[in-house]
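Subject: Structure for you to look at

Hello,

Here is the structure I said I would pass on. Please open it first and keep it in view while you read the notes.

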Amino acid sequence: MQENVLTDVKMPFCPGCGHGIATKNIARSLEEMDLNPLDIIIVSDIGCCGIIDPLFAAHRIHGLHGRASGLALGVALGLSDTGKKVIAIQGDGGVTIGLQHLLEASRRNVDMTLIVLNNMVFGMTGGQMSGLSQEEFKSSKAPEEYDAPPYDICQLAHQAGAAYCSRMTLQGNFSDKLT
C-alpha cells in the first residue's frame, strides 16, 4: 500500500488561501505517481508557502527567501540516485526575489520541479504586489502610477533553457505535470 505523502499536521494556512488546496493536490499527484515519500525531497523557502515543511512526510530542506530553486538545483546535481524526485515550492514573492536562481536552474535544465504558488502578493509582509502579479491585479499597497508589466515566468524559464514549463490552476490532478 502506498504511504501518504502528507503528515497529519494541521494545515497552517489562512482560511480561504489556495496554498492548502495546492498542497493537497501536490501530495495527491505524488501519491498517484507511486512515489515513496522518502524518495521525495521538498525544498522551500520563506513566505506563506514556506510553512508547508511539516506537512510532507518526505525529506525537507528550508532555505532563505528566494533561494528554493537554487537549493533544489544543488540537491538535484548532487544526487546519484535517479529515483529521487526533487521539488522546490516557492511563492511568487520568493521567485521574484530569487529570479536569478530560477534562471540558473532553468539554464542547467536538471531533473527537478519548481512549483510557484502565485497569489500575486508578498503575503507575509502586508500584501505588496509581486513581480508576477497580473497586470489586471491591483493591490492597495501599489502606487497608483505603478504600471510595470509582470514577468512571464514560463517565458523566462524557456528562454533560459528549461525544457518544460506549464501554468495550471489549483483544481484537479496534475501528476502528469510533475514528471
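The notes below go through the strands, one helix, the cores, the salt bridges and one loop residue.

Please keep in mind that this is a predicted model.

Strand S1

A good place to begin is strand S1, which covers residues 40-44. Is it mostly covered or not? It is mostly covered, as 5 of its 5 residues are buried. In a regular strand, side chains point in turn to one face of the sheet and then to the other. In S1, both of these faces are covered. Ile40, Ile42 and Ser44 are buried on one side, while Ile41 and Val43 are buried on the other.

S1 also has strand partners. With strand S3 (residues 85-91) it pairs in the parallel sense, over 5 bridges. In that pairing Ile40 stands opposite Lys85. Strand S2 (residues 59-62) also runs parallel to S1, and 4 bridges join the two. Here Val43 of S1 stands opposite Ile61 of S2.

Helix H2

Next, look at helix H2, residues 68-78. Its residues Ala68, Ser69, Ala72, Leu73, Val75 and Ala76 are buried. Where do the buried residues of H2 lie when seen down the axis of the helix? They fall within an arc of 165 degrees, so they line one face of H2. The elements that cover these buried residues include S1, S2, S3, H4 and S4.

The nonpolar cores

In soluble globular proteins, nonpolar side chains tend to be buried together. The largest nonpolar core here has 18 residues. Which of its residues touch the most other members? They are Leu30, Ile40, Ile42, Ile52, Phe56 and Ile89. Two or more residues of this core come from each of H1, S1, S3 and strand S4 (113-117). H1 gives the most, with 4 residues.

Ile52 is worth clicking on. Apart from neighbours within four places in sequence, Ile52 is in contact with Phe13, Thr23, Ile42, Ser44 and Ile89. A second core, separate from the one above, has 12 residues. Among them are Ala72, Val75, Val110 and Met112. Ala72 and Val75 were named above as buried residues of H2.

Salt bridges

How many salt bridges does the structure hold? It holds 3. One is formed by Lys84 and Asp39, with their closest N and O atoms 2.9 Å apart. Lys84 is in the loop between helix H2 and S3, and Asp39 is in the loop between helix H1 (19-32) and S1, so this pair ties together parts that are 45 residues apart in sequence. Lys84 counts as partly exposed, at 22% relative accessibility. Asp39 is partly exposed as well, with a relative accessible area of 25%.

Helix H4 (residues 99-108) holds Arg107 and Glu104. These two residues form a salt bridge in which the closest N and O atoms are 2.7 Å apart. They are 3 residues apart in the helix, which puts about one helical turn between them. Glu104 also meets Arg108 in a salt bridge, at 3.3 Å from N to O. Arg108 and Glu104 are 4 residues apart in H4, again separated by about one helical turn. Through these shared partners, Glu104, Arg107 and Arg108 are joined into one network.

The accessibility of the three residues is as follows:

- Arg107 is exposed, with a relative accessible area of 52%.
- Arg108 counts as partly exposed, at 43% relative accessibility.
- Glu104 counts as partly exposed, at 23% relative accessibility.

Asn119

The last item is Asn119, which lies in the loop between S4 and strand S5 (121-122). Is Asn119 buried or partly exposed? Asn119 is partly exposed, as its relative accessible area is 31%. Not counting residues up to four places away in sequence, Asn119 touches His19 and Asp92. Gly93 is 26 residues from Asn119 along the chain, and the C-alpha atoms of the two are separated by 8.9 Å.

That is the end of the notes.

Regards

Notes. Residues numbered from 1 in each chain as written. Predicted model: local features only at pLDDT ≥ 70, side-chain atom pairs only at ≥ 80, totals over all residues. Heavy atoms only, no water. Buried < 20%, exposed > 50% of the residue type's maximum accessible area, 1.4 Å probe, protein only. Pairing = 2+ DSSP bridges. Salt bridge = Lys/Arg side-chain N within 4 Å of Asp/Glu carboxyl O. Core = buried A, V, L, I, M, F, W, Y, C linked by side-chain atoms within 4.5 Å. Contact = heavy atoms within 4.5 Å. Arc of directions from axis to C-beta.
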